[in-house]
Amino acid sequence: MLDLNTLYIVSGVVLLLSWFISFQVWRENKSVDGAFTNLLLPSLMLLALFSYSLYLYRVIDIKAGIASLIILSCSILSIHCLQRFFAINSIAIKLFNLVTVCCIIMFSWYTYGESNAHNRLLIFNLQRFLEGVMILWIMFTMDTSNHRFSKHIYLCHALIFITVYPIRTYYLMPLGTPELFKHEWFAIGAMVTGIVSPLLYALGMAYLCSERKALHFSVLKDKAQQDAELRGLFLSTMSHEIRTPLNGIMGSAQLILNQSPSAKVKPYCEAIINSSESLNLLIGKVLDYARLEQNAETGTEEDIELTPWLENLCLLYRPLAQQKRIDFKLNNNLPKKACYYFDQQSVRQVLINLLGNAIKFTDTGQVTLSVEVLSKAPLEHIVRFTVTDSGPGIAASEIEQLKEPYVQSDAGKIKGGTGLGLAISERLLNKMQSELNIESTLDLGSRFSFDIRFSLGELSLVEQTKEKADTLTGLSVLLVEDLPLNQKLAIEFMAMDQHQVTLASSGEEAIQILQQQAFDLVLLDMNLPDFSGQEVVKKLNDIDHINSHTPILAFTASLSPDEVKEYLTLGIKDIVGKPIKLEKLRQAIFNSQQQSFSQSSQNVEDILFDASAAQSLSASFAQEEFNAIYDEFIMSLRDKLARCETGFEKQTDETIRTLHRLASTALQLGFNRFGLALKQSERDLLNNKLVFDNEYLKQLWQQSLTSYLKYAREQL
């Protein structure tokens, strides 16, 4: 049998705990309807317990029934809490309140008027049963889809009331008054009333408020996401609308500059073009940032040999650094011929932003790009990229803010810019599970670094760069051009073929450089600020210099027959027209060197596996690297073939690139027949034959793999 004195003490502890829970809920959810009313419940229950203690210890002459009357009043408050929370306006609530008031009146009569313990018990149990029914009705009629956990608490509460109090009535009503208060079901009812019910009410309201707050945050998050998408769409649309007339302005100014003979017009046209280019750069940054906000997906990963990729990137900035008389260095500490899978567009964008800023803010000293491998695993490396400059530095208080959009340091406000470069870089790195680290000291310089985990490429130090028959690489070129837009285009095109470019912005500067440094080629703008291109050539012909036999290409939009004849008469080897076209530039560079380069073709033996290829690789690499090369190719092949099969019709270009890489890798690893089959599939797609026989390739690969495994077992 349950001891009533023990229940009395436990009830006091639980009611204090319930009050504390309800108080915390109210303090954090003051704006939620029903939260304050819920705080009154344990307060009144404590008052009921206090009145019972007065009766129990005979402190004053008071009847025990007053505690039950307070509890019955709490029943109205508990339902009122749910009514306020769910904004219920129903006749059922009013009817319940009316019935409860009637029960309170009758209970008072049978306490202070005609004293009858059995009638009081019946009225009390009936009211508690009706309270359980009302809770059950609220939980099933209201929309509680966003309050599932709290709904379960209230349903449990209701089922306890509906079950316990009728059973309590059944067992206690036949008993006499003295036995009634000693029966275990009287104690069970007291336990439910003083311990279980207050705790469930407190927990239920706590979870209701918590779930509503979570729903509110979810709605705010969705709205913020929608606002960000709308903002990005607006910026993207407006930027495109602005760029269209801007291109017309730039093109018209370029035409006037090239065709007008008036020297007075030229400075104005250059000002228009430079201003338009600056605005175009700003629009480009805004578009990049808007694109990042709208698209959460990462770019396509490609198998890239990192060292030449970095060298090509640095070729874009070396001329700009030379023009500012600062040193630009690439410290490459990567393994030889390191190949990795990575999103080259994103990494390139980050490095372009960092290198551009470093050169922009550095007036003396040097800018350095350092690349090193921090850690190595069998199939992946962690690579660190670091850009260091000797610029003005950044105050410690400004460093963290620089990663936010449209925020600039004090030096940035002086030099100008959009304030988006580092924000774009940070978001791109976040998509690649990395972050931008900034260290800086005022007047000494800054250091920007980030670490990226790269998967090893298929060849992983094996694949070699192939050159086209009519493309020369690695020439030393002097670019003489005064317009920044044309400088940028020409440098980017020549960087693709690894040409070392030195930049001159005027004819006088070009003549001085040509007297001091030897070049393989000169690309000469024919309309410079101080001299025409013809005048530069004539001045060079009149003096002795180390580039007297260096071929000169005319870089011009003036292509009338008389002008072309004049260029050729002066000894200019060829003409590169504006706007510049990559193939024409390559062809002109190739022709200017007067050399014939032919790409050697190697006859591939039509066998399943060429052991000589494996032996050649084994001699060049350690056994662990050799095994990793073959393991990576074998493990990834089937998945890549499956992607080719599903994408060859809709993503033909991507499939062609994948087949080209797979074929080159297969041939270099000795899978000759399989590599030749991949080459044939590549040629079919290039010839618009949308056929991809994946089943044949799978069978051929299985045969090739069997032949390789046989060879591998023989080597053990």
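Reader: In E7, which residue is the bridge partner of Ser440?
Author: Happy to help, and please keep in mind that this is a predicted model. Strand E6 (residues 437-441) pairs with strand E7 (residues 445-456) in the antiparallel sense, over five bridges. One of the E6 residues, Thr441, stands opposite Gly445 in E7. For Ser440, the bridge partner in E7 is Ser446.

Reader: Which residues of E6 point to one face and are buried?
Author: The side chains alternate along this strand. Asn437, Glu439 and Thr441 point to one face and are not buried. On the other face, the buried ones are Ile438 and Ser440.

Reader: Which residue in the turn between E6 and E7 has a positive phi?
Author: These two strands form a hairpin, with three residues between them. A phi of about 70° belongs to one residue in that turn, Asp443.

Reader: Over how many bridges do E5 and E7 pair?
Author: E7 also pairs with strand E3 (residues 339-342), in the antiparallel sense over two bridges, and there Tyr340 has Leu456 as its bridge partner. With strand E5 (residues 380-389), the sense is again antiparallel, and Asp389 stands opposite Ser446. The number of bridges between E5 and E7 is ten.

Reader: How far is the sulfur of Cys81 from the closest cysteine sulfur?
Author: A disulfide is a covalent bond between the sulfur atoms of two cysteines, and this structure holds zero of them. Cys81 is buried, at 1% relative accessibility, whereas Cys156 is partly exposed, with a relative accessible area of 37%. The closest cysteine sulfur to that of Cys81 is in Cys209, and it is too far for a bond because the distance is 9.7 Å.

Reader: Which residues are the closest to the centre of the largest cavity?
Author: The structure holds two cavities of 30 Å³ or more, and the largest has a volume of about 120 Å³. Its lining has 16 residues, divided into eight nonpolar, six polar and two charged. Helices H1 (4-28), H2 (35-56), H3 (65-86), H5 (117-141) and H8 (184-259) each supply at least two residues of that lining. The closest to the centre are Leu41, Met45, Ser197, Pro198 and Tyr201.

Reader: How many Å does H11 reach from its first C-alpha to its last?
Author: Helix H11 (residues 344-361) has 18 residues, and its buried ones include Val347, Leu351, Leu354 and Phe361. At 1.5 Å a residue, 26 Å is expected, and the model comes close to this. From first C-alpha to last, H11 reaches 26 Å.

Notes. Residues are numbered from 1 along each chain as its sequence is written. This is a predicted model: local features need pLDDT of at least 70, side-chain atom pairs count only at pLDDT 80 or more; totals for chains, interfaces and linings use all residues. Side-chain values use heavy atoms; hydrogens and water are left out. Buried means under 20% relative accessible area, exposed over 50%, partly exposed in between (1.4 Å probe, protein chains only). Helices (H or I, at least four residues) and strands (E, at least two) are DSSP runs, numbered from the N terminus. Two strands pair if DSSP finds at least two bridges between them. A disulfide is a pair of cysteine sulfur atoms within 2.5 Å. On a 1 Å grid over the protein atoms alone, a cavity is a set of points where a 1.4 Å probe fits but cannot get out, and a pocket is an open set with protein on both sides within 12 Å along at least five of seven lines; lining residues have an atom within 4 Å of a point. Grid points are joined across faces, edges and corners, and a volume is the space filled by probe spheres set on the points. Ala, Val, Leu, Ile, Met, Phe, Trp, Tyr, Cys and Pro count as nonpolar, Asp, Glu, Lys and Arg as charged, and the others, Gly among them, as polar. The expected span of a helix is 1.5 Å times one less than its number of residues.
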